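Colleague: I have a model open and would like to go through it with you. Could we begin with the cysteines and then move on to the rest?

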Amino acid sequence: MARESESGLPIEPVYGPEALQGWDPAEKLGEPGKYPFTRGVYPTMYTGRPWTMRQYAGFGTATESNARYKQLIANGTMGLSVAFDLPTQMGHDSDAPIAHGEVGKVGVAIDSIDDMRVLFGGIPLDKVSTSMTINAPAALLLLLYQLVAEEQGVSADKLTGTIQNDVLKEYIARGTYIFPPKPSLRLIADIFKYCKAEIPKWNTISISGYHMAEAGASPAQEIAFTLADGIEYVRTAVAAGMDVDDFAPRLSFFFVARTTILEEVAKFRAARRIWARVMKEEFGAKNPKSLMLRFHTQTAGVQLTAQQPEVNLVRVAVQGLAAVLGGTQSLHTNSFDEAIALPTDKSARLALRTQQVLAYETDVTATVDPFAGSYVIEKMTDDVEAAAVELMGKVEELGGAVNAIERGFQKSEIERSAYRIAQETDSGERVVVGVNRFQLDEEEPYEPLRVDPAIEAQQAERLAKLRAERDQQAVDSALAALRKAAEGEDNVLYPMKEALRARATVGEVCNALREVWGTYVPSDAF
Ligand SMILES: CC(C)(COP(=O)(O)OP(=O)(O)OC[C@H]1O[C@@H](n2cnc3c(N)ncnc32)[C@H](O)[C@@H]1OP(=O)(O)O)[C@@H](O)C(=O)NCCC(=O)NCCSC(=O)CCC(=O)O
């Protein structure tokens, strides 16, 4: 009897040639590094260069996070990935009443250029690529990064990295939105234009399915809703007057890797094929780089357990393997204690070591797209693709991603899938080792890392000092210029950069935009 995959598609006990009847490898696969990119975006893939080992990290103050980054670099991480605390992600200063209790908790607190300078102190920004998980205030953090690079004597054309900048999935699954969809999309188009002119090697967005997956989306839903968001961004930028080939090469993506290796490999391959086709056929992109779906992967946090946490090391290894077999460009492997608390130094190192074992002790990097031609993988790739294309069609019928979001479509589809997973886990049909099978009578004690609550007061002190020292008139007039650009059509990033240079804070800059653009209130459909 066929088993159901995570997307609810059949997995047969045995596959043979009949599974691929009429299947044309020239059409479905092509060569690695060529349309439709099923086999990977680069001709040589990991035989030419391994994926970027990019561990997501950040907590407490800029000083503590800077120390963690240096440790990760010393241990062999190949790129940085910054986690910001919730107040920063929501565009509030650490001393704002709403920030109370959250400062430095799930990431680093950044209030101004003073903090950003400390965060990257002693890290040469022309040598490292940096991803920043920041969405509604993405422009601010990008500009702060550019300002710190200028202070280091590094010109913007040398900077490489990524801002997440994917507000649509915030409405669907993650929640750190500030402005309504229309000004949010305008801001994103401004960022695309600014980067094209000023920071050409920067990846301007990381269109993310990861958080949808964490909220319960199936693999087919994850890629369908993510690619639909991608289509909305492309339409926005084209409507703002950009040529598709001027920004599409710098779009990037972000997916999860679950323990279900076979379907995950199929999912990554299907996503590449769909995106290449959409970019070519719908948007008429000519530059091959515009057709390449490049992606970062994080192993599935939602599959980690607080019970017998060391078992998570094994899950992460399996998940990481799925990402690598699927051709990821960049990978974060979770630490085994992440279901309990922030990773300790040791658990963060072990997570990185897991990637190093995959890269240097296995043979999966010796040849490109090792599963190509496998009956089951090719059949599943076709099946996941068909399921995702069907869901993307439903989003289109609703008028595209934003309209579908406003009707609550993606969210309710994901909730349905989450409910199914919860039911299967409760009934024991879905085995979770250590949770509903193979439990211990008594869990072993575990000492988690805790963020020092004094950090909030320290940040407030730094802000008071900054406000006392800076030229307030310069800040006020820079913020007035920013509001004026936001009211009209000028690119807001230029005046925003001047405000940040004058030491306006993240909260002040976001408040100026809130005054003009308002804030988003989800509809009742949610
Ligand atoms: C495009 C990616 C996906 C990866 O970029 P990278 O720089 O790492 O890799 P890359 O672009 O593939 O490769 C770097 C350079 O090497 C080249 N290169 C790579 N492989 C090659 C090969 N085989 N042959 C020839 N060249 C090759 C590329 O062309 C590129 O150069 P050129 O550029 O010159 O072509 C980027 O967007 C990225 O790093 N994303 C990370 C996102 C992230 O960390 N997110 C964390 C979210 S954490 C989160 O959200 C979790 C939970 C939460 O907070 O809610």
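Colleague: How many disulfides does the structure hold?

Modeller: This is a predicted model, and the structure holds 0 disulfides.

Colleague: Why is there no bond at Cys-195?

Modeller: The closest cysteine sulfur to that of Cys-195 belongs to Cys-510 and is 17 Å away, which is too far for a bond, given that a disulfide needs the two sulfur atoms within 2.5 Å. Seen from the other end, the sulfur of Cys-510 has Cys-195 as its closest cysteine partner, again at 17 Å and too far for a bond.

Colleague: And is Cys-195 buried or exposed? What about Cys-510?

Modeller: Cys-195 is buried, its relative accessible area being 2%, and Cys-510 also counts as buried, with a relative accessibility of 1%.

Colleague: Changing topic to the overall fold, how many helices and strands are there in the chain?

Modeller: The chain contains 22 helices and 11 strands. Its radius of gyration is 23 Å, close to the 24 Å that the globule rule gives for 526 residues, so the chain is as compact as a globular protein of that length.

Colleague: What does the C-alpha trace span along its principal axes?

Modeller: The span is about 75 × 60 × 50 Å. Of the 526 residues in the chain, 58% count as buried, and among contacts with a separation of 6 or more, 78% come from residues 24 or more positions apart.

Colleague: What about the surface and the charges?

Modeller: The accessible surface of the chain comes to about 21,000 Å², and 53% of that belongs to carbon and sulfur atoms. As for charges, the chain carries 54 positive and 72 negative side chains, with the centres of the two sets lying 5 Å apart.

Colleague: Now the backbone: what is phi of Gln-308 near?

Modeller: Phi of Gln-308 is near 40°, which is a positive value in a residue other than glycine. Gln-308 sits in the loop between β10 (295–299) and α14 (311–325), and with a relative accessibility of 16% this residue counts as buried, the cut-off being under 20%.

Colleague: Which residues does Gln-308 touch, leaving aside those up to four places away in sequence?

Modeller: With those set aside, Gln-308 touches Gly-434, Phe-438, Gln-439, Leu-440 and Glu-443. If you want a distance across the model, Gln-308 and Glu-222 are 86 residues apart in sequence, and their C-alpha atoms are 29 Å apart in space.

Colleague: I also flagged Asp-369, so where does that residue lie?

Modeller: Asp-369 lies in the loop between α15 (345–360) and α16 (375–397). Phi of Asp-369 is near 45°, a positive value in a residue other than glycine, and the residue is buried, with a relative accessible area of 7%.

Colleague: Which residues does a cis peptide bond join?

Modeller: A cis peptide bond joins Tyr-35 and Pro-36, with omega at about 0°. Pro-36 is placed in the loop between α1 (25–28) and α2 (45–48).

Colleague: Last one: which strand holds Ser-206, and what does Ser-206 touch?

Modeller: Ser-206 belongs to strand β8, residues 205–208, and is buried, with a relative accessible area of 8%. Not counting residues up to four places away in sequence, Ser-206 touches Thr-162, Ile-163, Gln-164 and Asp-166, together with Ser-252, Phe-253 and Phe-254.

Methods:
Residues numbered from 1 in each chain as written. Predicted model: local features only at pLDDT ≥ 70, side-chain atom pairs only at ≥ 80, totals over all residues. Heavy atoms only, no water. Buried < 20%, exposed > 50% of the residue type's maximum accessible area, 1.4 Å probe, protein only. Helix = DSSP H or I, 4+ residues; strand = E, 2+ residues; numbered from the N terminus. Rg over C-alpha atoms; globule rule 2.2 N^0.38 Å. Contact = heavy atoms within 4.5 Å. Areas by Shrake-Rupley, 256 points an atom, 1.4 Å probe, with all protein chains shown as cover. Lys, Arg positive; Asp, Glu negative; His and termini not counted. Charge placed at Lys NZ, Arg CZ, Asp CG, Glu CD.
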